[in-house]
Amino acid sequence: MSRQPEVLWAQRSEKIYLTISLPDAKDVELKTEPKGLVTFSAVAHGEPFSFTLELFDSILPEGSKTKTKMGLRNIICSIQKEKKGWWKRLLKSEEKHPYIKVDWNKWCDEDEESEASGDSDDDFDGANEGDESDEDDGMLYLPDLEKLRGK
């Protein structure tokens, strides 16, 4: 039995953004179907992960407007909606899925969309903002408080 990775989502009137949080993912397969079916599978740390989502409405077929970017810690997908408009939820069903959450970093409301900078084709700018670089080994910079106090 496979597990579900955490999925973050956000939308614009023309697109849906999915961020799949799965560090070190291998054998990643993501398929989209026009009726709004999204199927994902991958292996991470020797364990299989997968999910199938039935989206709220139709999307454009795979390859035409679906973009995917693999990062160190996550997989980011931009999926083109078939019809421009705001969906009231991500999935067709109203059932709650504990692994699906709102991506507040990408979220914008309908009235804020024209002001949002993510409306261009630069869907993946800052895609790995949360990833630490290899140079700092994941350590955060903290100032030396002893030096700041003058000791």
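User: Which residue stands opposite S41 in β4?

Analyst: This is a predicted model, and in it E29 is the residue that stands opposite S41 in β4. To read such a pair, begin with the strands that carry the residues: strand β3, residues 26–33, and β4 pair in the antiparallel sense, and six bridges are found over their length.

User: What lies between β3 and β4, and which residue in the turn has a positive phi?

Analyst: The two strands form a hairpin with three residues between them, and G36 in the turn has a positive phi of about 100 degrees.

User: How many bridges join β4 to β5, and in which sense do these strands run?

Analyst: Strand β4, residues 37–44, is joined to strand β5, residues 47–54, by eight bridges, and the two run antiparallel. You can follow single residues across this pairing, for S41 stands opposite S50 in β5, while A42 has F49 as its bridge partner in β5. S41 therefore has a residue opposite it on either strand, E29 in one case and S50 in the other, if you follow β4 with care.

User: Which side chains of β4 are buried, and which are not?

Analyst: The side chains alternate along β4, so that V38, F40, A42 and A44 point to one face and are buried, whereas L37, T39, S41 and V43 point to the other face and are not buried. When you read the word "buried" here, take it to mean a relative accessible area under 20%.

User: How should I read the sign of phi, and where is H45?

Analyst: The general idea is that most residues other than glycine have a negative phi. H45 lies in the loop between β4 and β5, and its phi is near 55 degrees, a positive value in a residue other than glycine. The hairpin that β4 and β5 form has two residues between the strands, with H45 in the turn. H45 counts as exposed because its relative accessibility is 64%.

User: What is the phi of D24, and where is this residue placed?

Analyst: D24 also has a positive phi, near 55 degrees, and is a residue other than glycine. D24 is placed in the loop between β2, residues 15–21, and β3, and with a relative accessibility of 44% D24 counts as partly exposed.

User: How many salt bridges does the structure hold?

Analyst: The general idea is that side chains of opposite charge can pair when their charged atoms come close. The structure holds eight salt bridges, and one of them is formed by K101 and E6, whose closest N and O atoms are 3.1 Å apart. This pair links distant parts of the chain, since K101 is in strand β8 and E6 is in strand β1, residues 6–11, with 95 residues separating them. Both ends are partly exposed, K101 with a relative accessible area of 41% and E6 with a relative accessible area of 31%.

User: Which residue forms a salt bridge with E54, and why does the pair tie together separate parts of the sequence?

Analyst: E54 forms a salt bridge with K92, and the closest N and O atoms of the two are 3.9 Å apart. E54 lies in strand β5 and K92 in the loop between β7, residues 74–80, and β8, so the pair ties together parts that are 38 residues apart in sequence. E54 is partly exposed, with a relative accessible area of 43%, and K92 counts as partly exposed at 41% relative accessibility.

User: Is D103, which forms a salt bridge with K106, buried or exposed?

Analyst: D103 is buried, with a relative accessible area of 6%, and in its salt bridge with K106 the closest N and O atoms are 3.6 Å apart.

User: Which residues gather in a patch of negative charge on the surface?

Analyst: The patch of negative charge on the surface is where D109, E110, D111 and E112 gather. Among them, E110 lies in the loop between β8, residues 100–102, and α1, residues 145–149, and E110 counts as exposed because its relative accessibility is 55%.

User: How far apart are L60 and K15 in sequence and in space?

Analyst: L60 and K15 are 45 residues apart in sequence, and in space they are 10.0 Å apart, taken from C-alpha to C-alpha. The place of L60 is in the loop between β5 and β6, residues 67–70, and L60 counts as partly exposed, with a relative accessibility of 25%.

Notes. Residues numbered from 1 in each chain as written. Predicted model: local features only at pLDDT ≥ 70, side-chain atom pairs only at ≥ 80, totals over all residues. Heavy atoms only, no water. Pairing = 2+ DSSP bridges. Helix = DSSP H or I, 4+ residues; strand = E, 2+ residues; numbered from the N terminus. Patch = residues over 30% accessible without salt bridge, like charges linked within 9 Å, V, L, I, M, F, W, Y side chains within 5 Å. Areas by Shrake-Rupley, 256 points an atom, 1.4 Å probe, with all protein chains shown as cover. Salt bridge = Lys/Arg side-chain N within 4 Å of Asp/Glu carboxyl O. Lys, Arg positive; Asp, Glu negative; His and termini not counted. Charge placed at Lys NZ, Arg CZ, Asp CG, Glu CD. Buried < 20%, exposed > 50% of the residue type's maximum accessible area, 1.4 Å probe, protein only.
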